Amino acid sequence: NQFQAAFDPGYGPGVRTQQSFERVMAQAGLTGDTYRCDALPQAGYEAFNYLLKECPDLTALVTVNERAVPGVMRAIADRDWHIPDDFSLIVVASSARVAETAIPPFTTSDAPAAELGRLGAELLIQQLEAQEQSTLNTLLPCRLVVRGSSGPCQRDDGH
């Protein structure tokens, strides 16, 4: 599928997210699974239903696939579940602007937009001035912003 193709050759954000997820889960003594799907709402819907079939005790989803999220939300609503009371959703690759337009607003990992913009402008200036460009490989940490889509699961459905 589309995301798998981006992940396989070592797509940086996908690889770092996978590695961080595995490290943090292990440090917390938790278990977690990963699943990749196309960046489409229908793919998110199908992936969510598959995940619940495989893991009926699932109470939260962390995703970097923002375009699949509307399908995930539809699958959650189909069960008459409410976010975050019945299921938590964290959208890592979402912008603050997009996160705040969702109902409820998404918990996200916000990128340092000002610093990214500054670095991009510096590279553009170097190009325009025909300066020698070094390969920029800077990893900027994101900041977890807890909003309304995550919290303790209140669902009591026997799982």
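This is a short talk on the sheet, the core, the unusual backbone spots and the salt bridges of one predicted model.

Let me start with the sheet. It is open and has four strands. The order is β1-β2-β3-β4, and the pairing is mixed. Two strands sit at the edges, β1 and β4, the latter covering 143-145. Each of these edge strands pairs on one side only. On average, neighbouring strands are turned by 15 degrees against each other, direction ignored.

Now the pairings. β1 spans residues 60-63 and runs parallel to β2, with four bridges joining the two. Take Ala60 as an example: its bridge partner in β2 is Ser88. How does the chain get from β1 to β2? It crosses through α4, and this β-α-β crossover is right-handed. α4 itself lies across β1 and β2. Its direction is at about 175 degrees to β2.

Next step along the sheet. β2 pairs with β3, residues 107-110, again in the parallel sense, over two bridges. Here Val91 stands opposite Thr108 of β3. The connection from β2 to β3 goes through helix α5, residues 96-101. That β-α-β crossover is right-handed too.

Stay with Ser88 for a moment. This residue belongs to strand β2. Is Ser88 buried or exposed? It is buried, because its relative accessible area is 6%, and the cut-off for buried is under 20%. What does Ser88 touch, beyond residues up to four places away in sequence? On one hand there are Thr59, Ala60 and Leu61; on the other, Ser149, Ser150 and Gly151.

On to the core. The largest nonpolar core holds 17 residues. Which of them have the most contacts inside it? They are Phe48, Ile76, Leu89 and Phe106. Three elements each supply at least two residues: α3 (41-54), α4 (69-78) and β2 (88-91). Look at Phe48 in particular. Setting aside neighbours within four places in sequence, Phe48 contacts Val72, Ala75 and Ile76. The same list for Phe48 also includes Arg79, Trp81 and Phe87.

Now the backbone. First, a reminder: most residues other than glycine have a negative phi, and most peptide bonds are trans. This model has some exceptions to show. Ile83 and Pro84 are joined by a cis peptide bond, with omega about 0 degrees. Pro84 sits in the loop between α4 and β2. A cis bond also joins Ile103 and Pro104, where omega is about -5 degrees. Pro104 is in the loop between α5 and β3. Then there is Asp80. It is not a glycine, yet its phi is positive, at about 60 degrees. Where is Asp80? It lies in the loop between α4 and β2. Asp80 counts as exposed because its relative accessibility is 63%, and exposed means over 50%.

Last topic: charges. Side chains of opposite charge can pair when their charged atoms come close. The structure holds four salt bridges. I will show some of them. Start with Arg147 and Glu100: their closest N and O atoms are 3.7 Å apart. This pair links distant parts of the chain. Arg147 is in the segment after β4 and Glu100 is in helix α5, 47 residues apart. How exposed are the two partners? Arg147 counts as buried, at 15% relative accessibility. Glu100 is exposed, at 53%.

Arg147 has another partner. Asp110 meets Arg147 in a salt bridge, 3.2 Å from N to O. Again distant parts of the chain are linked: Asp110 is in strand β3, and the two residues are 37 apart. Asp110 is buried, with a relative accessible area of 11%.

Now a local pair. Arg118 and Glu115 form a salt bridge at 2.5 Å, N to O. Both lie in helix α6, residues 113-128. They are three residues apart, about one turn of the helix. Arg118 counts as partly exposed, at 36% relative accessibility. Glu115 is also partly exposed, at 27%. And which residues do shared salt-bridge partners join into one network? Glu100, Asp110 and Arg147.

Definitions and conventions
Residues are numbered from 1 along each chain as its sequence is written. This is a predicted model: local features need pLDDT of at least 70, side-chain atom pairs count only at pLDDT 80 or more; totals for chains, interfaces and linings use all residues. Side-chain values use heavy atoms; hydrogens and water are left out. A nonpolar core is a set of buried Ala, Val, Leu, Ile, Met, Phe, Trp, Tyr and Cys residues joined through side-chain atoms within 4.5 Å. Buried means under 20% relative accessible area, exposed over 50%, partly exposed in between (1.4 Å probe, protein chains only). Contact means heavy atoms within 4.5 Å. Two strands pair if DSSP finds at least two bridges between them. A crossover is right-handed if, with the strands pointing away from the viewer, the path from the first strand over the helix to the second runs clockwise. Axes are lines fitted to C-alpha atoms, for helices over the stretch in contact, and angles run from 0 to 180 degrees between N-to-C directions. A salt bridge is a side-chain nitrogen of Lys or Arg within 4 Å of a carboxyl oxygen of Asp or Glu.
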